[in-house]
Amino acid sequence: MKKVTIYTDGACSVNPGPGGYGAVLIYKNGDKLHRKEISGGYADTTNNRMEIMAVIKALEALKEPCKVDLYSDSRYVVDAIEKGWALRWRDNDWMRNKKDKALNPDLWEELLALLEKNPTKFFWVKGHANTPENERCDELAKQAITNQRK
């Protein structure tokens with residue numbers, strides 16, 4: 001199984017409001033490095049939805065099942081997967097506890113299905129801390145906000 005490194009980020013100009021996501025996918029085949037950048041924007045969304053959407057779109061861009069190391073500056077995304085929250089929410093009919101509904105169940109459902117095909121390890125990276133690929137994802141997400149407004 002190929003191994004791919006993915007960086008993702010989501011952004012909103014106001015939350016909720018216009019938003020975008022960006023992702024960088026990196027795959028090394030021998031001495032050759034393959035790199036793909038993706039992004040997209042939405043007129044009315046939230047930052048958390050864009051963070052999840054970045055991961056979904058990056059995994060959808062894979063042409064075959066791959067082992068993935070995924071870096072995100074969203075604790076919401078990383079913790080929801082690595083700590084098993086999203087699976088627990090799904091198992092509890094998208095409830096966080098007895099009173100509170102889990103947010104974004106539509107996106108979590110999509111993401112969990114993609115993770116079944118692509119074994120993925122999530123890593124949190126501090127945002128705006130000069131991590132080049134994370135900074136690039138932030139640029140892509142912000143550009144997507146601007147581009148979708150046109």
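In this predicted model, the buried residues of helix H1 are Met 50, Glu 51, Ile 52, Met 53, Ala 54, Val 55, Ile 56, Ala 58 and Leu 59. Helix H1 is 14 residues in length, and the distance from its first C-alpha to its last is 20 Å, close to the 20 Å expected at 1.5 Å a residue. H1 also supplies eight residues to the largest nonpolar core, which is the largest share of that core.

The largest nonpolar core comprises 35 residues, and Leu 59, Trp 108 and Leu 111 are those with the most contacts inside it. Two or more residues are given to this core by each of S1, strand S2 (17–29), helix H1 (47–60), S4, H2, helix H3 (85–91) and helix H4 (105–117). Another core, of five residues, lies apart from it and includes Tyr 7, Val 24, Ile 26 and Leu 140. In soluble globular proteins, nonpolar side chains tend to be buried together. When residues up to four places away in sequence are not counted, Leu 111 touches Ile 52, Val 55, Ile 56, Leu 59 and Ile 81. Of these partners, Ile 52, Val 55, Ile 56 and Leu 59 are among the buried residues of H1, while Ile 81 is one of the buried residues of H2.

The strands form an open sheet of five members, in the order S3-S2-S1-S4-S5, with mixed pairing. Strand S3 (32–45) and strand S5 (120–124) are at the edges and have a single partner strand each, so one side of each is left without a neighbour in the sheet. From one strand to the next, the twist averages 20 degrees. Strand S1 (residues 3–12) and strand S4 (residues 67–72) run parallel and are joined by six bridges. Within this pairing, Tyr 7 is opposite Tyr 71 in S4.

Helix H2 (residues 75–82) packs on the sheet, where it touches S4 and S5, and its direction makes about 140 degrees with that of S5. Six of the eight residues of H2 are buried, so the helix is largely enclosed by the rest of the structure. The buried residues are Tyr 76, Val 77, Val 78, Asp 79, Ala 80 and Ile 81, and their cover includes H1, S4, H3, H4 and S5. After H2 comes Gly 84, which has a positive phi near 80 degrees.

At the other edge of the sheet, Thr 45 lies in strand S3. Thr 45 counts as buried, with 5% relative accessibility. Apart from neighbours within four places in sequence, the contacts of Thr 45 are Cys 12, Asn 15, Pro 16, Gly 17, Pro 18, Gly 19 and Met 50. One of these, Pro 16, is in the loop between S1 and S2. The peptide bond that leads from Asn 15 to Pro 16 is cis, and its omega is near 5 degrees.

The structure has zero disulfides. For Cys 66, the closest cysteine sulfur is that of Cys 137, at 17 Å, which is too far for a bond. Cys 66 is buried, at a relative accessible area of 4%. Cys 137 likewise takes part in no disulfide, and the cysteine sulfur nearest to its own, that of Cys 12, is 16 Å away. The relative accessible area of Cys 137 is 0%, and this residue is buried.

Two residues in the loop between H3 and H4 were examined for backbone geometry and exposure. Asp 93 is placed in this loop and has a positive phi of about 55 degrees, although it is not a glycine. Trp 94 is also placed there; although not a glycine, Trp 94 has a positive phi of about 60 degrees. In accessibility, Asp 93 is exposed, with a relative accessible area of 66%, whereas Trp 94 is buried, with a value of 15%. Trp 94 is separated from Asn 29 by 65 residues in sequence and by 40 Å in space, C-alpha to C-alpha. Asn 29 is located in strand S2 and counts as partly exposed at 44% relative accessibility.

Key. Residues are numbered from 1 along each chain as its sequence is written. This is a predicted model: local features need pLDDT of at least 70, side-chain atom pairs count only at pLDDT 80 or more; totals for chains, interfaces and linings use all residues. Side-chain values use heavy atoms; hydrogens and water are left out. Two strands pair if DSSP finds at least two bridges between them. Helices (H or I, at least four residues) and strands (E, at least two) are DSSP runs, numbered from the N terminus. Axes are lines fitted to C-alpha atoms, for helices over the stretch in contact, and angles run from 0 to 180 degrees between N-to-C directions. Contact means heavy atoms within 4.5 Å. A disulfide is a pair of cysteine sulfur atoms within 2.5 Å. Buried means under 20% relative accessible area, exposed over 50%, partly exposed in between (1.4 Å probe, protein chains only). A nonpolar core is a set of buried Ala, Val, Leu, Ile, Met, Phe, Trp, Tyr and Cys residues joined through side-chain atoms within 4.5 Å. The expected span of a helix is 1.5 Å times one less than its number of residues.
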